Amino acid sequence: MAIVTFKSKAAGEIFMFRETAEKIFKVIGKPLGLRGVLTPEEIPDAIAALKDAMEKEKEFLKGLREREDKRFREGKDLDEEKKPAIEAPVYFTQRAYPLLEMLERSLKKDTPVVWGV
């Protein structure tokens with residue numbers, strides 16, 4: 001797996017698997033080339049897209065928890081349906097948050113976020 005390194009003068013470097021970065025950039029609506037830049041003008045839209053996706057995921061997970069709670073209250077056995085704790089997923093929000101934070105800091109400093117350079 002390839003690694004993508006995001007850089008900004010407003011924050012430290014972020015290292016991310018390329019597959020993860022591609023998923024994030026799909027949400028942002030920008031292709032992830034070998035090299036690239038998110039300009040200060042593009043950053044607000046990228047932030048909004050990431051926050052929207054994170055909010056949707058939050059609502060989805062909330063609904064999932066509510067369904068599990070309901071099944072528990074009804075006395076249905078959830079153990080046979082649950083995966084072992086070791087296989088707990090890492091969600092989009094957890095993976096995208098460091099880049100979101102970099103984008104917010106870069107916006108405040110009016111500086112781009114670059115990768116592959």
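**Exercise 1.** Find the loop that holds D110, then work out what stands out about its backbone and whether D110 is buried or exposed.

*Solution.* Start with location: D110 sits in the loop between α3 and β4. Keep in mind that this is a predicted model. Next, check the backbone: phi at D110 is positive, about 55°, even though D110 is not a glycine. That's worth a second look, because most residues other than glycine have a negative phi. Last, the surface: exposed means over 50% relative accessible area. D110 comes in at 56%, so it counts as exposed.

**Exercise 2.** Work out how β1 and β2 are put together.

*Solution.* First, direction: the two strands run antiparallel, with five bridges joining them. Then the connection: a hairpin of two residues links β1 to β2. For one bridge pair, take V4, whose partner in β2 is M16.

**Exercise 3.** Compare the settings of two β1 residues, I3 and F6.

*Solution.* Take I3 to begin with; its strand, β1, covers residues 3-8. I3 has 48% relative accessibility, so it is partly exposed. Together with F15 and F17, I3 makes a nonpolar surface patch of about 330 Å².

Now F6. The largest nonpolar core has 25 residues, and F6 is one of those touching the most other members, along with I24, F25, L50, L99 and L103. β1, β2, α1, α2, α3 and β4 each put at least two residues into this core. Beyond neighbours within four places in sequence, F6 contacts residues including I14, M16, F25, L99 and W115.

Methods:
Residues numbered from 1 in each chain as written. Predicted model: local features only at pLDDT ≥ 70, side-chain atom pairs only at ≥ 80, totals over all residues. Heavy atoms only, no water. Patch = residues over 30% accessible without salt bridge, like charges linked within 9 Å, V, L, I, M, F, W, Y side chains within 5 Å. Areas by Shrake-Rupley, 256 points an atom, 1.4 Å probe, with all protein chains shown as cover. Salt bridge = Lys/Arg side-chain N within 4 Å of Asp/Glu carboxyl O. Helix = DSSP H or I, 4+ residues; strand = E, 2+ residues; numbered from the N terminus. Buried < 20%, exposed > 50% of the residue type's maximum accessible area, 1.4 Å probe, protein only. Core = buried A, V, L, I, M, F, W, Y, C linked by side-chain atoms within 4.5 Å. Contact = heavy atoms within 4.5 Å. Pairing = 2+ DSSP bridges.
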